[in-house]
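Reader: Hi, got a minute to walk me through this one? I'd like to go through it piece by piece.

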Amino acid sequence: MAELVLITGGAGFIGRYVARACLARGHRVRVIDSLIEQVHGSRAAPEGLDREVEMVVGDIRDTDVLSRALRGVDSVIHLAAEVGVGQSMYAVDRYVSVNDHGTAVLFQQLIDQPVRRVVVASSMSIYGEGLYRDADGRIIEDVVRVPRARPGDPWDPLDRQGRPLVPIPTPESKRPTLASVYALTKYVQERLTLTLTQAYGMEGVALRLWNAYGPGQALSNPYTGVLAIFASRLHNGQPPIIFEDGEQRRDFVHVEDVAEAFVLGLEHERAPGGVFNVGSGEDRSVSEVARLLASAMDRPIAPEIAGKARVGDIRHCIADISSITRELGFRPRKDFSRGLAELAEWVARQEARDRVQEARRELEARGLVA
Ligand code: UD1
């Protein structure tokens with residue numbers, strides 16, 4: 001059944017794809033977005049947003065604007081958030097305010113103007129370290145990352161006997177370990193959504209996203225995801241800077257697949273009350289993606305290995321997507337090499353300001369890279 005869907009933060013990278021996917025399903029889409037400079041530059045109008053989308057420019061913490069944006073809305077997809085793990089460790093008040101107070105204001109309003117369903121973008125960051133297996137085959141759930149004592153120490157977590165632990169796919173049942181301010185705020189968003197939708201007769205769904213990538217990522221935002229940062233560096237003839245040793249593993253999921261997951265979260269009868277991992281189901285190291293991207297962009301520039309970690313970063317977390325696959329029929333479609341080729345094609349047509357050193361200095365000045 002076609003609905004009017006409000007997408008908060010809908011002018012952002014993921015939001016624009018979600019908007020398009022909702023329109024393709026016959027929904028009408030309204031977006032509320034404050035068009036922050038860090039993401040949108042000095043542009044007054046969002047780039048790449050479908051013309052059929054009704055745009056409300058404003059901050060979700062502004063009750064008047066929000067109340068107007070909610071008028072007549074059937075369901076909400078809540079994406080408005082600050083997204084940088086590293087930046088969250090020093091811009092603490094901004095992250096807590098936008099992500100958590102913002103969500104609180106949204107729900108305060110939804111109490112008076114309830115909707116059928118709210119789907120919130122949570123994050124794999126809430127797991128902290130993912131699940132591991134030790135040398136005896138035991139599953140280890142509660143790995144907490146400790147800073148390395150000496151420069152030569154291994155980056156990978158070890159068991160009590162000093163043996164390396166091997167990362168394995170992390171299911172939704174893993175206990176959260178909130179290792180950054182960002183993770184903390186995402187968990188609060190998720191819980192606010194599930195608790196308040198249930199209390200007020202609405203349906204709530206939380207999607208825990210892994211690392212989304214694709215054309216349209218904010219290339220000049222040095223706090224954006226690693227693929228966009230690397231793409232911007234390579235595009236400017238600079239080597240990507242790899243934290244740690246580059247062997248940390250993530251799951252890179254194409255933004256079109258993420259958008260599909262949001263449509264399922266919005267429409268599927270088995271979604272309410274659920275939390276679902278959203279990834280591609282394949283994991284890769286950061287070094288590997290730097291190499292593959294350089295080759296897709298035809299920029300044979302070797303990365304620089306920083307040998308330092310960003311405070312708040314986790315070492316490995318890879319996705320177990322069996323729940324969303326089983327319950328909602330989610331099937332990631334975009335092959336990684338095809339996705340990278342399309343990203344490379346798109347980047348070649350962009351202008352990207354390389355502000356990565358600026359961002360690195362911000363972290364270093366506060367002792368947040370070590
Ligand atoms: C990212 C998202 C977060 C989302 C999460 C879900 C951003 C800014 N963060 O966090 O919103 O919830 O995915 O999975 O999009 N790295 C480098 N060099 C760089 C930048 C990063 O080596 O220049 C490394 C990091 O140290 C980390 C990995 O790349 O090990 C991924 O970093 P990043 O893209 O920032 O993603 P997450 O922290 O996983």
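Reader: Which helix gives the most to the shell around the ligand?
Author: Helix 7 does, supplying 3 residues. Helices here are DSSP runs of H or I with at least four residues, strands are E runs of at least two, and both are numbered from the N terminus. Before we go on, this is a predicted model, where local features need pLDDT of at least 70 and side-chain atom pairs count only at pLDDT 80 or more, while totals for chains, interfaces and linings use all residues. Residues are numbered from 1 along each chain as its sequence is written, and side-chain values use heavy atoms, with hydrogens and water left out.

Reader: Good to know. Is helix 7 buried or exposed?
Author: It is largely enclosed by the rest of the structure, because 9 of its 10 residues are buried. Buried means under 20% relative accessible area, exposed means over 50%, and partly exposed lies in between, using a 1.4 Å probe and protein chains only. Among the buried ones are Leu-227, Phe-230, Arg-233 and His-235.

Reader: What do those buried residues pack against?
Author: Their partners include strand 10 (211-213), strand 11, helix 9 (286-296) and helix 12 (356-365). Contact here means heavy atoms within 4.5 Å. Just after helix 7 comes Gly-237, which has a positive phi near 75°.

Reader: Back to the ligand, then. Which residues come nearest?
Author: Of the 24 residues around the ligand, the nearest are Ser-123, Tyr-182, Tyr-223, Val-226 and Asp-313. A residue is near a molecule or strand if one of its heavy atoms lies within 4 Å of it. Strand 11 (241-242), like helix 7 (226-235), supplies at least two residues of that shell.

Reader: And which polar side-chain atom lies 2.5 Å from an oxygen atom of the ligand?
Author: That one belongs to Asp-313. Phe-243 has a backbone N or O atom 2.8 Å from a ligand oxygen, and for Leu-209 a backbone N or O atom sits 3.4 Å from a ligand oxygen.

Reader: How much of the ligand does the protein bury?
Author: The protein buries 92% of the 730 Å² that the ligand exposes when taken alone. Those areas come from the Shrake-Rupley method with a 1.4 Å probe; for residues, only the protein chains shown count as cover.

Reader: Switching topic: what is the strand order in the sheet of 7 strands?
Author: The order is 3-2-1-4-5-9-14, in an open sheet with parallel pairing. Two strands pair if DSSP finds at least two bridges between them. Strand 3 (54-57) and strand 14 (275-278) are the edges, each pairing on one side only. On average, neighbouring strands in this sheet are turned by 20° against each other, direction ignored.

Reader: How many bridges join strand 5 and strand 9?
Author: They pair in the parallel sense over 7 bridges, and Val-120 has Ala-206 in strand 9 as its bridge partner. Ala-206 also has a bridge partner in strand 14, namely Val-275. Strand 9 (residues 203-209) is mostly covered, with 6 of its 7 residues buried.

Reader: What about strand 4, which strand does Ser-75 face?
Author: Ser-75 sits in strand 4 and stands opposite Arg-117 in strand 5. Ser-75 counts as buried because its relative accessibility is 0%. Its side chain makes a polar contact of 2.9 Å with that of Glu-3. A polar contact is a pair of N or O atoms within 3.5 Å; within protein, one must be able to donate a hydrogen and the other to accept it, and residues adjacent in sequence count only if both atoms are side-chain atoms.

Reader: Nice. Which strands does helix 5 lie across?
Author: Helix 5 (residues 92-112) lies across strand 4 and strand 5, at about 175° to strand 4. Axes are lines fitted to C-alpha atoms, for helices over the stretch in contact, and angles run from 0 to 180 degrees between N-to-C directions. Val-92 is found in helix 5 and is partly exposed, with a relative accessible area of 37%.

Reader: Last one: what order do the strands take in the sheet of 3?
Author: That open sheet runs 7-6-8 with antiparallel pairing. Strand 7 (139-140) and strand 8 (166-168) each have a single partner strand, so one side of each is left without a neighbour in the sheet. Tyr-132 has Ile-140 in strand 7 as its bridge partner.
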